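Please look through the structure below with the sequence beside it. The paragraphs that follow go from the whole chain to single residues.

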Amino acid sequence: MSSPRRADLEGRGDLEAILLVGGRGTRLRPLTLGVPKPLLPTAGVPFLAHQLARARAYGVRRIVFATSYRASMFAEAFGDGSAFGLELAYMTEDTPLGTGGAIRNAAEALTCPPGAPVLILNGDILSGHDIGAQVERHVTAGAAVTLHLTEVDDPSRFGCVPTDESGRVTAFLEKTPNPVTNRINAGCYVFTRSVIDTIPAGEVVSVERETFPGLIEAGQQVLGYADRTYWLDVGTPAAFVQGSRDLVLGRLPSPALPGPPGEVLALPGALIPAGAKVGGGTVVGEGAVVESGAQVSGSVIGAGAVIGAGAVVSDSVVGAGARIESGAVVRDSVVGDEAVVGPGNELRAGARLWPGVHLPACAVRFSSDV
């Protein structure tokens, strides 16, 4: 987390950011039926709290939220930002405008001059990269845009972003079985403010398909800042659980973590008796109960949930007020708020139980014997 460049940025005190949080989070349903993805409880706090704290640590002083889906909930959660030492503003799209359109719309609330760098963050990414170094590279080079590129072991699952020997981006390539590089777009950009102003206002625009390729074609300097530090898109249930687990375990340090890193993060009022086995980076929410004899590993247990004696929960999300009855097994699954998994049920392999649903005893099995 520490960086020799961080103090330099804090000394400037003028770095602004736009945070893209307008998506509906459909891949995370039912968790996002009532809550935007960036507000889901993650390692004990709303997901965005980790991003806000990290941005502030690197010298960001003002952030404009680009909102759309359930927009009012963001201001309700974070207010004016003073709790994070930030100034927050909120700009809402009446209809979704794509990544470029959202950036252009939010830019109306920026206060920085045309030549200033503007950090663009995606509201569903956890990253350990050095934001200060990315901004510094952008400013030093006088680039139009500087993209964070992460290096992955299997780039065939993503579009890849090749660069030349100077780090200049040469193309944006769609998914291919034979990618020319293992570097992909990691979703964190630094724009020069005047470049944002060239994006058409009020139109649906994709930065990946239109803005960036257009800048390259026009001869503008689009740079890549590549590394292999921690990076995760938390857009699926499995990735969301992994992100929370990694934060709790300290694999990605976060100033917003409400407790020391460790095997378990127990929030106020959580009850974990000596006979319960809980670990692997699990969060046990406020007022939640893990009964004696239960086993919970690497999971997110919501506020007021109950894990019954003898139940097994691993790598899963159990929503607020939900109940996993004695002897039930929940692995790699999502159980919605106030749902009940009766005794003898076995949920596995990406199963999703909608909020309020009550599974009677032995209603769902993935094997002949639990």
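**From the whole chain to single residues**

The protein chain, shown here as a predicted model, has eight helices and 27 strands. Its C-alpha trace spans about 65 × 45 × 40 Å along the principal axes. For 370 residues, a compact globule would be expected to have a radius of gyration near 21 Å, and because the chain has 22 Å, the two agree. Of those 370 residues, 52% count as buried. If one takes the contacts between residues at least 6 apart in sequence, 53% of them join residues at least 24 apart.

The outer face of the protein chain can be described in a similar way. The chain exposes about 15,000 Å², and carbon and sulfur atoms supply 51% of that area. Its side chains include 29 positive and 37 negative ones, and the centres of these two sets lie 3 Å apart.

Within the chain, helix α2 (residues 47-57) deserves a closer look. Ten of its eleven residues are buried, and the helix is therefore largely enclosed by the rest of the structure. Among the buried residues are Phe47, Leu48, Leu52 and several alanines, but also His50, Gln51 and Arg54. Just after α2 comes glycine 59, which takes a positive phi of about 100°.

Strand β4 (residues 60-67) holds arginine 61. With a relative accessible area of 26%, arginine 61 is partly exposed, because a residue must fall under 20% to count as buried. Arginine 61 is 23 residues away from phenylalanine 84 in sequence, while their C-alpha atoms are 9.5 Å apart in space.

Phenylalanine 84 leads on to the aromatic rings. A pair of aromatic rings is described by the distance of the centres and the angle of the planes. If rings are taken to pair when their centres lie within 6.5 Å, the count comes to seven aromatic pairs. One of these joins phenylalanine 78 and phenylalanine 84, with 5.9 Å from centre to centre and 65° between the planes, an edge-to-face arrangement. The pair counts as edge-to-face because its angle of 65° is over 60 degrees. Which of the two residues is buried, and which is partly exposed? Phenylalanine 78 has a relative accessible area of 8% and so is buried, whereas phenylalanine 84, at 24%, counts as partly exposed. Ring pairs also link these two phenylalanines with Phe65, Phe74 and Tyr90 into a cluster.

The backbone has some further points to inspect. Most residues other than glycine have a negative phi, and most peptide bonds are trans. Arginine 29 and proline 30, however, are joined by a cis peptide bond, with omega of about 15°, and proline 30 lies in the loop between β1 (15-20) and β2 (41-42).

Two residues that are not glycines have a positive phi: glutamate 338, at about 65°, and alanine 349, at about 55°. Glutamate 338 is placed in the loop between β23 (334-335) and β24 (340-341), and its relative accessible area of 53% makes it exposed. Alanine 349 lies in the loop between β25 (346-347) and β26 (352-353), and at 67% relative accessibility alanine 349 likewise counts as exposed.

Note on methods: Residues are numbered from 1 along each chain as its sequence is written. This is a predicted model: local features need pLDDT of at least 70, side-chain atom pairs count only at pLDDT 80 or more; totals for chains, interfaces and linings use all residues. Side-chain values use heavy atoms; hydrogens and water are left out. Rings of Phe, Tyr and Trp (its six-membered ring) pair if their centres lie within 6.5 Å; planes under 30 degrees apart count as stacked, over 60 as edge-to-face and the rest as tilted. Buried means under 20% relative accessible area, exposed over 50%, partly exposed in between (1.4 Å probe, protein chains only). Helices (H or I, at least four residues) and strands (E, at least two) are DSSP runs, numbered from the N terminus. The radius of gyration is taken over C-alpha atoms; the globule rule is 2.2 Å times the number of residues to the power 0.38. Contact means heavy atoms within 4.5 Å. Accessible areas come from the Shrake-Rupley method with a 1.4 Å probe; for residues, only the protein chains shown count as cover. Lys and Arg count as positive and Asp and Glu as negative; His and the chain ends are not counted. The place of a charge is taken as NZ of Lys, CZ of Arg, CG of Asp or CD of Glu.
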